[in-house]
Every structure is written in C-alpha cells, then in structure tokens.
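Subject: Structure handover

Hi,

Here is the structure I promised to pass on. Please open it and keep it in view while you read my notes.

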Amino acid sequence: MINNALKKMIEENILGLATADKLGNPHNIAVGHVKVVSESQLVISDNYLDETLKNIEKNPNVSLVVWHSDWKKACIGYELKGSAEYFTEGEWVDFIKKIPVNKEEPCKGAVLVTINKTKLLHEKWNDEV
C-alpha cells in the first residue's frame, strides 16, 4: 500500500488528517512529522491533539490527504483511509519521543493509523502552472 515514493511524500510534507465524531461531524487538522512504520501503518505524534483524540475515541475511522510539496509543478496527491488507535505509553510513544523534531514537544501520546485504502487523487505534471 505505502510504497517508497508515497512514504517519502508522507514524511516530507504536511498531511491533512480528518476525523469525525460519533454523529459524523467532521474535523480536519494539519499534521507534520508523520512517520511511516510499515507498508500499511504510520505514526502521528500527539503534541497538541484535542478534538481529534476525542473523535478517534468515539470513531476510529480516519482519512489523510497529502500532496506533492511543489504541487504547482507536480500536482499529485493521495488520500489514505484507515483506522486509528491512540497510545499514551508503550513502544509507539517511545518511538515518537525519539523523533528529533519532538525533542522540545510534550509527546503526550502517539496515534497509530492502519491504512486500508490508498487512492491517487490527481496526477498532472505541468511546468506552466
């Protein structure tokens, strides 16, 4: 599911993370410093997540979107859908605490997302845009 090219895109860009509460009301945030840990899993640091965590507790289904950083020249993006689990201790929290950019962050927990669907959103290469 997550090949090397997509892994690079995920780890080098900001992602949009969408959750929904138990009534289906959407909530979107931007997350950075996401780490791919397997072909179907990624980890997000909980440094300042609040409403997102409440939503995951009630409804673990999530969607993420990522676009090529220079989208004006390489308009390529992906949507990833899956389920999220939240951890406040253990191997995933230890993992996020070792990420250098988290050194001065609170690292309250880790969100492990298991991807079950990856969709190419758009692929257009145009140097004139």
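Below is what was found, taken part by part.

One caution comes before the rest. This is a predicted model.

**The strands at the start**

Begin with strand E1, residues 15-20. Its partner is strand E2, residues 26-31. The two run antiparallel, and six bridges join them. Two facing pairs are easy to look up. Leu17 stands opposite Ile29 in E2. Ala18 stands opposite Asn28 in E2.

E1 and E2 form a hairpin, with five residues between the strands. Look at Gly24 in this hairpin: its phi is positive, near 90°.

E1 also pairs with E5. That pairing is antiparallel too, and it has three bridges. Ala18 turns up again here, opposite Ser63 in E5. So check Ala18 against both partners: Asn28 in E2 and Ser63 in E5.Now move along E2 to Ala30. Is Ala30 buried or exposed? Ala30 is exposed, because its relative accessible area is 60% and the cut-off for exposed is over 50%. Try a distance as well. Ala30 and Met1 are 29 residues apart along the chain, and their C-alpha atoms are separated by 22 Å.

**Two residues with positive phi**

Two residues other than glycine have a positive phi. One is His33, with phi near 55°. His33 sits in the loop between E2 and strand E3, which covers residues 35-38. Its relative accessible area is 45%, and His33 therefore counts as partly exposed.

The other is Cys107, with a positive phi of about 45°. Find Cys107 in the loop between helix H3 (91-97) and strand E7 (109-125). Is Cys107 buried or exposed? Cys107 is buried, because its relative accessible area is 7% and buried means under 20%.

**Helix H2**

Helix H2 spans residues 51-58. Which of its residues are buried? They are Thr52, Leu53, Asn55 and Ile56. Look down the axis of H2: these buried residues fall within an arc of 160°, so they line one face of the helix. The face of H2 turned away from that buried side carries Lys54, Glu57 and Lys58, which are exposed.

**The nonpolar core**

In soluble globular proteins, nonpolar side chains tend to be buried together. In this model, the largest nonpolar core has 24 residues. Ile10, Ile44, Leu64 and Val113 touch the most other members. Two or more residues of this core come from each of H1, E1, E4, H2, strand E5 (61-67), E6 and E7. Which element gives the most? That is E6, with four residues.

**The pockets**

Rolling a probe the size of a water molecule over the atoms shows where empty space is left. The largest pocket holds about 210 Å³ of space. It is lined by 13 residues, and the closest to its centre are Val31, Gly32, Ser45, Asn47 and Tyr48. E2 and strand E4 (41-46) each supply at least two residues of this lining. E2 gives the most, with three. By class, the lining of the largest pocket has seven nonpolar residues, five polar and one charged.

The second largest pocket has a volume of about 170 Å³. Its lining includes Asn3, Ala5, Leu6, Lys8, Met9, Glu12 and Asn13. His68, Ser69, Ile76 and Tyr78 line the second largest pocket as well. Helix H1 (4-12) and strand E6 (74-87) each supply at least two of the lining residues. How many come from H1? Five do, and that is the largest share. By class, this lining has five nonpolar, four polar and two charged residues.

**Where to look in the viewer**

Try these three views. Put E1 in the middle, with E2 joined to it by six bridges and E5 by three. Then turn H2 until you look down its axis, and find Thr52, Leu53, Asn55 and Ile56. Last, show Val31, Gly32, Ser45, Asn47 and Tyr48 around the centre of the largest pocket.

Best wishes

Conventions:
Residues numbered from 1 in each chain as written. Predicted model: local features only at pLDDT ≥ 70, side-chain atom pairs only at ≥ 80, totals over all residues. Heavy atoms only, no water. Pairing = 2+ DSSP bridges. 1 Å grid on protein atoms, 1.4 Å probe; cavity = no way out; pocket = protein on both sides within 12 Å on 5 of 7 lines; lining within 4 Å. Points joined across faces, edges and corners; volume = space filled by probe spheres on them. Nonpolar A, V, L, I, M, F, W, Y, C, P; charged D, E, K, R; others polar. Buried < 20%, exposed > 50% of the residue type's maximum accessible area, 1.4 Å probe, protein only. Arc of directions from axis to C-beta. Core = buried A, V, L, I, M, F, W, Y, C linked by side-chain atoms within 4.5 Å.
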